[in-house]
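Colleague: Could you zoom in on the aromatic side chains in this model for me? I'd like to know who sits with whom, and what surrounds them.

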Amino acid sequence: MGNADSVVAQKRLARFRLDERPVIEGTFDRLRGSGSSVSSGKTGKVLSLDMLKMTMAKMASESMIKRVFQGIHSIDPGVPVPPGDGISREQLVIFLADILRGTAEERAPLVLAMAEGAKATATTTEQIRGFVEDLVSAAVQTLAHRGHLRAWQPDRMGDGPQGVKLLAEQLTSELKSSDQNTCDIPCLEDWLFWIPAMAMFLELLIGEGLGVGLPSRPPPTLLPPCQYAPWSDLRCLLNIPLLMFLSPQLPAGHTSPLLVGNCKSRGPTVILVKDSKGHIFGGFASQSWEVKPQFQGDSRCFLFSIFPYMRVFTCTGYNNHYMYLNQGQQTMPNGLGMGGQHGYFGLWLDCDFGHGHSRARPCCTTYGSPQLSGDEDFKLDTVEVWAVGQPPEEQEQDEKKKSILDADPEVQAMMEMTGKTLHSQGLREPEEDEEQ
């Protein structure tokens with residue numbers, strides 16, 4: 001930057017590590033260079049919309065690229081901006097800092113400008129939803145273009161465009177708009193603070209879309225890795241936006257989905273159900289399903305809806321009727337259930353897996369969920385079971401390998417502080433990589 005540097009831009013630049021600052025400062029010249037074939041002499045000191053399109057075309061729609069341009073162009077860098085409709089170097093530096101290292105308060109005006117326009121003071125929920133649809137769609141495109149789908153195959157999965165709309169609706173349902181359905185800066189600040197997914201989508205699009213690679217901050221991981229699925233024979237209910245929605249809801253360590261033929265003794269699982277009316281819903285079971293006439297599971301379990309809307313319904317604390325699986329009994333219900341009580345489950349599949357029910361009058365006592373299916377008593381169209389954690393036998397083997405000191409590091413620390421010898425350290429079985 002020259003002598004007439006923007007103080008605002010310099011302060012923003014200081015948020016990055018010394019080895020990252022040349023990357024941020026160099027982005028302006030790199031983007032101008034990539035669009036040199038469409039630029040004219042009059043735009044030599046600015047970044048034009050066409051230059052931005054040249055870089056982002058494979059990762060975002062034209063409407064999303066225009067939104068990004070509006071957001072950058074709305075920034076007051078504190079120094080005179082070159083005449084015309086282009087973006088200055090200082091504006092771009094401030095934008096990158098606020099998106100990649102900023103707060104909800106700094107991102108809110110940019111989101112408003114991208115949704116409504118540069119000089120807007122408020123917008124509507126519908127405008128924000130349109131912006132979020134463009135953003136989520138761009139995130140999916142970016143993951144595909146950059147090879148970050150983690151073995152998922154969108155062409156063998158559910159309706160992606162529909163998933164984009166449903167996820168955008170779910171994200172914007174958290175907006176606390178006014179009675180006139182409008183959102184101002186404070187409204188957007190509050191929303192961005194409580195919805196961390198928005199920051200992740202923005203960081204992914206701007207970081208990857210503009211090619212801003214920072215060593216200290218790799219691109220956000222929005223998808224769990226797919227461990228196994230028979231893609232050649234499969235058309236699954238999952239889609240990429242749905243994975244983006246469900247993955248953060250799972251407890252830590254529950255990733256790497258694996259399509260399985262049944263739920264018994266598979267460890268934690270996600271069950272997806274589609275009924276004959278087209279409603280898609282399901283539940284997360286935090287433990288292996290066991291066949292017995294008692295309820296099982298714990299408070300990490302939850303129910304969810306995918307279509308016609310995306311929502312998660314967590315435990316209310318009213319009872320512990322988290323999971324139920326039984327068969328071959330004459331006096332107890334035979335089938336799979338989650339939440340509620342016998343005859344009034346939040347989600348129930350009969351033992352023949354041809355029918356089920358979702359009864360909520362007015363809501364499931366265990367999870368607070370409404371009726372999830374199209375009809376209270378429904379016919380099944382599709383059921384999928386995805387294992388999302390270690391099977392019990394693998395988890396048991398891992399536990400056996402651990403020393404008691406691994407299980408309780410506080411004991412180890414206390415022994416070290418008192419000068420006690422850790423005899424078990426020398427009795428450990430060698431790890432596989434240590435044997436080689």
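Modeller: Sure, here's a walk through the aromatic rings, one group after another.

Quick ground rules: this is a predicted model, so local features need pLDDT of at least 70 and side-chain atom pairs count only at pLDDT 80 or more, while totals for chains, interfaces and linings use all residues. Numbering starts from 1 along each chain as its sequence is written, and side-chain values use heavy atoms, with hydrogens and water left out.

There are 11 aromatic pairs in the structure (Phe, Tyr or Trp rings, six-membered one for Trp, with centres within 6.5 Å; stacked if the planes are under 30 degrees apart, edge-to-face if over 60, tilted for the rest). Take Trp 152 and Trp 231: their ring centres are 6.0 Å apart with planes at 70°, so they count as edge-to-face. This pair ties together distant parts of the chain, 79 residues apart: Trp 152 is in the loop between α7 (125-145) and α8 (160-172), and Trp 231 is in the loop between α10 (196-209) and α11 (240-246). (Helices, H or I of at least four residues, and strands, E of at least two, are DSSP runs numbered from the N terminus.) Trp 152 is buried at 3% relative accessible area, and Trp 231 is buried too, at 10% (buried is under 20%, exposed over 50%, partly exposed in between, with a 1.4 Å probe and protein chains only).

Next up are Tyr 324 and Trp 348, a tilted pair with 6.1 Å from centre to centre and 35° between the planes. They also link distant parts of the chain, 24 residues apart, with Tyr 324 in strand β9 (residues 323-326) and Trp 348 in strand β11 (residues 344-350). Tyr 324 is buried, with a relative accessible area of 0%, and Trp 348 is buried at 5%. These two have company: together with Phe 295 and Phe 345 they make up one aromatic cluster.

One ring has a charge for a neighbour. Arg 359 lies over the face of Tyr 344, at 5.8 Å from the ring centre (NZ of Lys or CZ of Arg has to be within 6 Å of the centre and within 35 degrees of the ring normal).

A couple of Phe residues are worth following into the strands. Phe 281 has Ser 305 in β7 as its bridge partner; strand β5 (residues 280-285) and β7 (residues 302-307) run antiparallel over 5 bridges (pairing takes at least two DSSP bridges). Phe 304, meanwhile, stands opposite Val 312 in β8. β7 and strand β8 (residues 311-313) are antiparallel over 3 bridges and form a hairpin with 3 residues between them. β7 is mostly covered, with 5 of its 6 residues buried.
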